[in-house]
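Me: Hi! Could you walk me through this one? I'd like to start with the core and then wander a bit.

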Amino acid sequence: MYRYDSIDKDFLADRTAEFREQVARRLAGELSEDQFKPLRLRNGLYLQLHAYMLRIAVPYGSLNPTQLRKLAWIGRTYDKGYGHFTTRTNLQFHWIKLSDAPDIVDHLASVDMHAIQTSGNCIRNVTADPYAGATSEEIDDPRVWAEAIRQWSTVHPEFNWLPRKFKIAVTAAAKDRTAAKTHDIGLNLKRSRDGALGFEVMVGGGLGRMPYIGQTIRQFLPATRLLSYLEAILRVYNRHGRRDNIHKARIKVLVAALGREEFAAQVEAEWEKNGAGADLPDTELARIRGAFVPKSFETLPSVSETFEAARLRTPAFARFARNNLKPHKVAGYAIVEISLKAIGATPGDATSEQMEVVADLAERFGQNDIRVTHEQNLVLPHVRLDDVPAVWAALAEAGLATPNMNLVSDIIACPGLDYCALANARAISVAQHIAERFADPDRAELVGELKVKISGCINACGHHHVGHIGILGVDKKGEEFYQLTLGGSAAEDAAVGQALGPALPYDKVAEAVDTLVETYLRERQSGERFLDTFRRTGVAPFKEAVYADVH
Amino acid sequence: MPMFIRLEAGVFSLAEDPFTAVGDEQSVPPGDVIISLTRFQAEGEALMGEGRAVGVRLESHEEVEALAYDLPQLAVVALAFPKFGDGRAYSYARLLRERFGFRGEVRAVGDVLREQAGYMARCGFTAFEPADGSTLEDWRRASQRFRHAYQRSSDARSPAFVERGE
């Protein structure tokens with residue numbers, strides 16, 4: 001966890017004071033809604049179907065227990081006792097009163113949190129690997145670089161009024177847990193042959209109406225030159241990105257129009273001319289690195305007797321261990337995934353009580369560290385194997401021990417028509433119906449890794465384009481229909497899914513997913529995930545099975 | 001004479017505007033004028049030869065590089081905000097200051113609201129024509145909202161990463 005210094009704290013205080021004045025001017029009628037809208041958006045405040053929604057930044061998905069407890073308290077005090085974790089590792093409250101918003105952001109600032117630039121046509125919250133600092137796969141800790149980007153992008157004087165929103169992800173492992181290639185900029189930390197640290201820079205990924213996978217414009221950028229290079233990309237985009245059509249304003253459209261090479265050439269030219277003024281000195285990078293609270297790991301045997309005994313004794317624990325634990329870089333520790341996808345629940349929702357349980361566990365067993373993933377789950381990145389049975393028991397009691405990580409019921413879904421003014425169709429209840437179909441955990445494990453992603457409209461907040469099975473809600477003459485796509489991926493093998501066939505009515509979607517899964521089980525060869533089988537066979541067997549069933 | 005807000009050596013003040021903004025279809029009055037890039041390219045030389053100060057208004061779709069060689073002779077570059085959400089002029093202002101070393105007045109015209117004051121000042125704007133009825137005091141307060149800045153920009157402020165080292 002990055003510890004704020006007095007400058008960071010002053011900055012939030014100044015920002016909350018500004019926001020309080022803006023809200024007061026709006027409530028007094030001095031600002032029109034048109035003038036107020038971009039201001040409230042840059043403070044995370046949306047006007048939705050029923051109320052205001054406040055989107056709180058969780059920078060690179062990193063939280064400490066004090067912060068999570070504060071979020072729980074805000075949920076209980078100003079909302080309906082729960083919050084919604086999003087695919088950009090933010091937390092949304094959906095039932096906020098405008099007049100309460102300034103107080104809420106003051107409460108956030110008291111625990112070094114904010115809602116700055118979680119919306120609007122500006123640089124948004126930065127994503128990083130949720131296993132940062134815990135996985136042996138990483139080259140370097142991506143949070144250091146993500147925090148440097150957070151500060152640089154906060155109230156950037158030149159880039160606060162971009163053609164469209166702008167999202168950056170940082171990963172430092174070969175296995176991509178950030179969906180880097182679906183971001184406007186994806187940064188992949190690497191080491192050169194001589195050991196120097198640098199970034200592969202990918203630009204122009206994005207979902208929405210026109211999905212694009214990010215393209216590499218630079219294989220190796222020396223790490224210390226990161227911010228000047230980002231500034232060059234943003235300047236080319238700010239100047240030349242389209243502003244005449246909101247649907248063509250993302251950087252992906254500019255990169256596609258110019259072509260990767262021409263875009264890269266323009267960035268390189270701008271970067272060369274602009275010099276290193278934006279780059280942080282090594283001393284500041286070292287300060288940021290040092291401002292992350294160091295972890296103290298014990299020397300432990302790699303096998304824990306307590307853990308092994310619990311596994312033999314309790315099948316439910318063994319299942320949790322199989323699906324929700326990931327290897328830690330230090331012997332005797334594990335990364336514990338907490339599913340926010342209980343069968344029948346709303347994907348990504350957590351009650352205030354659940355947040356408090358996780359905060360307590362992080363404090364007692366998890367070195368005060370909590371992460372939010374873009375797949376809308378939580379992570380305790382540093383738990384001793386000896387403590388995992390106790391953590392599991394407490395999670396189970398709070399309804400947080402669903403052993404379904406990366407399985408078919410671990411679904412990403414946007415809020416859909418239940419909350420969102422843009423949606424054409426429900427997403428949450430479709431997710432619930434699918435999860436219920438695969439409620440039998442044996443069957444779900446037999447199916448294995450399967451990423452189902454659901455969006456309630458073409459804006460694609462549920463990332464349906466990159467789901468192994470993607471589901472998109474559309475409106476057909478006032479009725480909800482769903483288009484299915486297969487073969488997408490948001491990981492290092494990123495791809496946009498391929499359409500299955502005509503859209504299906506609401507009550508046929510879960511059944512169709514079931515049919516797709518049965519087809520996969522029939523077709524799969526040893527070791528293949530759903531995605532692998534689909535890539536080998538193509539769409540034909542799946543299409544045949546689903547439409548034979550439906551018609 | 002109409003008034004505008006000026007920023008000089010870190011101090012905001014109200015000033016009388018010696019310049020007349022002249023549209024392409026209007027005839028050029030006597031005195032100091034601000035004209036379009038097109039008109040400047042056609043008539044700039046002659047107008048400046050008459051011993052008056054000339055400024056150019058750059059629309060947000062026009063490239064600031066088009067002015068590069070004329071900058072030493074220009075008194076004002078007025079950067080237009082067709083809508084306040086159109087942020088291209090922030091890049092132009094920084095380029096004028098940082099790349100082309102322009103020392104004259106960079107003026108914000110068009111849909112100019114006080115919420116942009118701080119961003120504009122940081123990018124090197126030194127003159128403002130607020131469209132929202134902002135007073136000098138409103139403008140000063142809005143632009144001085146933040147005690148710190150995280151980035152280096154065209155103004156003289158030390159970014160946080162320099163402050164921290166001091």
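**Core, sheet, helices and interface**

Reply: Happy to. This is a predicted model. Let's start with Ile233(A): setting aside neighbours within four places in sequence, Ile233(A) is in contact with Ile185(A), Val203(A) and Val267(A).

Me: Which residues touch the most other members of the largest nonpolar core?

Reply: Ile233(A) is one of them, together with Val358(A), Val77(B) and Leu79(B). That core holds 210 residues. The biggest contribution to this core comes from α6(A), with 9 residues.

Me: OK, switching to the sheet. What's the strand order, and is it open or closed?

Reply: It is an open sheet of 5 strands in chain A, ordered β6-β7-β8-β9-β10, with mixed pairing. At the edges are β6 (127–128) and β10 (215–222) of chain A, each of which pairs on one side only.

Me: How many bridges join β9(A) to β10(A), and do they run parallel or antiparallel?

Reply: There are 5 bridges, and the two strands run antiparallel. β9(A) covers residues 197–203. As an example of who faces whom, Met202(A) stands opposite Thr216(A) in β10(A).

Me: Which strands does α6(A) touch when it packs on the sheet?

Reply: Helix α6 of chain A, residues 226–240, touches β8 (185–191), β9 and β10 of chain A. Its direction makes about 15° with that of β9(A).

Me: And where does α8(A) lie?

Reply: α8(A) lies across β9 and β10 of chain A, and runs at about 35° to β10(A).

Me: Nice. At what angle do α7(A) and α8(A) cross?

Reply: Their axes cross at roughly 110° and come within 6 Å. That is why α7(A) counts as roughly perpendicular to α8(A). For your numbering, α7(A) is residues 251–258 and α8(A) is residues 260–274.

Me: Which residues meet there?

Reply: From α7(A), Leu254(A), Val255(A) and Leu258(A) meet Arg260(A), Glu262(A) and Phe263(A) of α8(A). By type, the residues of this contact are 4 nonpolar, no polar and 2 charged.

Me: Last topic: chain B. How many residues of chain B are in contact with chain A?

Reply: 26 residues of chain B are in contact with 31 residues of chain A. On the chain B side, α2 (88–99), α3 (117–123) and α5 (160–163) each supply at least two residues. α2(B) gives the most, with 5 residues.

Me: How does that side divide into nonpolar, polar and charged?

Reply: The side of chain B that touches chain A has 8 nonpolar, 7 polar and 11 charged residues.

Me: Perfect, thanks!

Terms used. Residues numbered from 1 in each chain as written. Chains lettered and ligands numbered in written order. Predicted model: local features only at pLDDT ≥ 70, side-chain atom pairs only at ≥ 80, totals over all residues. Axes fitted to C-alpha atoms, helices over the stretch in contact; angles between N-to-C directions. Helix = DSSP H or I, 4+ residues; strand = E, 2+ residues; numbered from the N terminus. Parallel < 35°, antiparallel > 145°, perpendicular 65-115°, else oblique. Contact = placed C-beta atoms within 7 Å. Nonpolar A, V, L, I, M, F, W, Y, C, P; charged D, E, K, R; others polar. Pairing = 2+ DSSP bridges. Core = buried A, V, L, I, M, F, W, Y, C linked by C-beta atoms within 7 Å. Buried ≥ 20, exposed ≤ 12 C-beta atoms within 10 Å, placed from the backbone.
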